[in-house]
Amino acid sequence: MKTESMITADNLWFTYDGEDIPALQGLSLDIKRGSKTAVMGANGSGKSTFFLCLNGILRPQKGALSFCGAPYSYDKKSLLNLRSRIGIVFQDPDNQLFSASVRQEISFGILNLGADNETALRETEKIMDALDITELKDRPTHALSGGQKKQVAVADILVMHPDIVILDEPAAALDPKHTDMLNKIIDQMTESGITVLISTHDPDYAFSWADQIILFHQGKVLKAGSPLEVFSDRPALNLTNLSQPAVLSIYESLCRKKMINEKFPAPRSLMELLHFIEGI
């Protein structure tokens, strides 16, 4: 059982300059080590703002954040260390990539942490090989496709060996091929023990992947729990403009028609449900 807290947020408040309504309004939550968390909610519910606070890009005006039990510090040295351990991949990779070539881009972060050139080159080559993007190493970052840019943005973070990786709408604007490729990379992260937080509007992916779902609504946590607990709460889903995962809707319909015994655990994917039905 995962018990160690990686991130604890206590009563966070944040208001952007010129805005009357706070983006975060007393938000509190806890993220465990090694967990797979899907953060969901309508646009404007505070997801991206919370992520920027986790990475130290934004500083809450009220409330407290702690990482591995230690309160956040906002001096330059502390923020550099924090961002090496909590990496964020932005929804639009063009906001993240700025170096002339892919190899320079990926090596920048680890060099900035003080690694020598030999170490940076070795680690950069290793992560490019792991993500199968070695062939892109001399390509200009601006000439990459959307999917390739997303892969490089992930490599930017992984080369620093973070404890936590945050992905803000990782599949946004990606075709099915690159979405599948990115999902496999996310699986590699979790299998290696990295704590992963994802913002997504895709209930099917969240239901099959996550071990915790957190619903944001108006800058605070509306509901948090297992995928089954959260996606069975229809009033909460309605408030956050979310639908049930297809597999859960089908499962509940089959239970109502007595075609499946309700004691049978809800499948997490359509493939699981298909295997069960074929067994019947």
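Biologist: Which residue lies over the face of Trp13, and at what distance from the ring centre?

Modeller: Lys62 lies over the face of Trp13, at 5.2 Å from the ring centre. A charge sits over a ring if NZ of Lys or CZ of Arg is within 6 Å of the ring centre and within 35 degrees of the ring normal. Arg268 is placed over the face of Phe207 in this way, at 5.6 Å from that ring's centre.

Biologist: On what basis should I read such values?

Modeller: This is a predicted model, in which local features need pLDDT of at least 70 and side-chain atom pairs count only at pLDDT 80 or more, while totals for chains, interfaces and linings use all residues. Residues are numbered from 1 along each chain as its sequence is written, and side-chain values use heavy atoms, with hydrogens and water left out.

Biologist: How many aromatic pairs are there?

Modeller: The count is 7 aromatic pairs, a pair being rings of Phe, Tyr or Trp (its six-membered ring) with centres within 6.5 Å; planes under 30 degrees apart are stacked, over 60 edge-to-face, the rest tilted. Phe14 and Tyr16 form an edge-to-face pair, at 4.9 Å centre to centre with 85° between the planes. The centres of Tyr72 and Tyr74 are 6.2 Å apart and their planes meet at 50°, so this pair is tilted. Phe50, Phe51 and Phe216 form one aromatic cluster.

Biologist: Are Phe14 and Tyr16 buried or exposed?

Modeller: Buried means under 20% relative accessible area, exposed over 50%, and partly exposed in between (1.4 Å probe, protein chains only). Phe14 counts as buried because its relative accessibility is 7%, whereas Tyr16, at 32%, counts as partly exposed.

Biologist: Why is Tyr72 classed as buried, and why is Tyr74 classed as partly exposed?

Modeller: Tyr72 is buried because its relative accessible area is 12%. Tyr74 is partly exposed because its relative accessible area is 23%.

Biologist: Where does Ser99 lie, and which residues does Ser99 touch?

Modeller: Helices (H or I, at least four residues) and strands (E, at least two) are DSSP runs, numbered from the N terminus. Ser99 is found in the loop between β6 (86-89) and α3 (102-112). Leaving aside residues up to four places away in sequence, Ser99 touches Gln104, Glu105, Phe108 and Thr141, where contact means heavy atoms within 4.5 Å.

Biologist: Is Ser99 buried or exposed?

Modeller: Ser99 counts as buried, because its relative accessibility is 12%.
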